[in-house]
Amino acid sequence: MPDLMTDIDQQREIMQKSSLTDLTDQLLTAARGASSGRSAQTVHGGHTKTLRQTVIALVAGQRLDEHENPGEATVHVLHGLVRLATDTASCDGTGGDLLLVPDARHSLEALQDSVVLLTVAKKM
């Protein structure tokens, strides 16, 4: 019979929990105090992984300037109001909205103090 404690310990190593609500508050406070008006933290993945999730806080009026899409991506608005825009279209999102990032050059602007969860699956 397998050792139950070993199985539970292994599950704890695989499963992780973090509060996006707490992180939203922390990053928004940091962004408000930063000269750049932004703050971010990667919560999953990284440069060596296919999937990356980063929480980004922007004070009103700050933006992520136009850039290429590194792969399939979504922006989940956790707080505030943002505008995702390309040369030809734009879409506003508020708390709870999930925006699909177009496969085109785009920018993201905070219309209010905002926090988003950016999820990217890099192109292979």
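1. Contact, as the word is used in this note, means heavy atoms within 4.5 Å. By that criterion, and leaving aside its neighbours within four places in sequence, H106 is in contact with D65, E66, H67, E68, N69, L84, A85, T86 and V101. The coordinates come from a predicted model, and the remarks below should be read with that in mind.

2. On overall composition, the secondary structure of the protein comes to two helices and nine strands, and along the sequence these elements follow the pattern α-α-β-β-β-β-β-β-β-β-β. Of the 124 residues in the protein, 30% are buried, while the exposed surface amounts to about 8000 Å², with carbon and sulfur atoms supplying 52% of it. Among contacts between residues at least 6 apart in sequence, 63% join residues at least 24 apart.

3. Five of the strands form an open sheet, with antiparallel pairing, in the order β1-β2-β9-β4-β7. The edge strands of this sheet are β1 (38-44) and β7 (98-100), each of which pairs on one side only. Direction ignored, neighbouring strands of the sheet are turned by 20° against each other on average. Helix α2, which covers residues 20-33, lies across β1, β2 (51-58), β4 and β9, and it runs at about 150° to β1.

4. Within that sheet, the pairing of strand β4 (residues 71-79) with strand β9 (residues 114-122) deserves a separate remark, since eight bridges join the two strands, which run antiparallel. One pair that can be picked out in the model is E72, whose bridge partner in β9 is A121.

5. Strand β9 also holds T119, and a reader may ask whether this residue is buried or exposed. T119 has a relative accessibility of 17%, and because buried means under 20% relative accessible area, T119 counts as buried. The side chain of T119 is joined to that of Q53 by a polar contact of 3.1 Å. Leaving aside neighbours within four places in sequence, the residues in contact with T119 are L51, R52, Q53, E72, A73 and T74; Q53 is thus named both in this list and in the polar contact.

6. Strand β8 has pairing partners of its own. Three bridges join it to strand β3 (residues 63-67), the two running antiparallel, and in this pairing L64 has L108 of β8 as its bridge partner. Strand β5 (residues 81-85) pairs with β8 over four bridges, again in the antiparallel sense, and here the bridge partner of V82 in β8 is A110.

7. Why can β8 be described as largely enclosed by the rest of the structure? Four of the five residues of this strand (residues 106-110) are buried, so the description follows from the burial of its residues.

8. To return to H106, its place is in strand β8, and at 5% relative accessibility this residue counts as buried. A polar atom of the H106 side chain lies 2.8 Å from the backbone oxygen of A104. Among the contacts of H106 listed at the outset, D65, E66 and H67 are included, as are L84 and A85; for comparison with the strand limits, β3 spans residues 63-67 and β5 spans residues 81-85.

Note on methods. Residues are numbered from 1 along each chain as its sequence is written. This is a predicted model: local features need pLDDT of at least 70, side-chain atom pairs count only at pLDDT 80 or more; totals for chains, interfaces and linings use all residues. Side-chain values use heavy atoms; hydrogens and water are left out. Buried means under 20% relative accessible area, exposed over 50%, partly exposed in between (1.4 Å probe, protein chains only). Two strands pair if DSSP finds at least two bridges between them. Axes are lines fitted to C-alpha atoms, for helices over the stretch in contact, and angles run from 0 to 180 degrees between N-to-C directions. Accessible areas come from the Shrake-Rupley method with a 1.4 Å probe; for residues, only the protein chains shown count as cover. A polar contact is a pair of N or O atoms within 3.5 Å; within protein, one must be able to donate a hydrogen and the other to accept it, and residues adjacent in sequence count only if both atoms are side-chain atoms.
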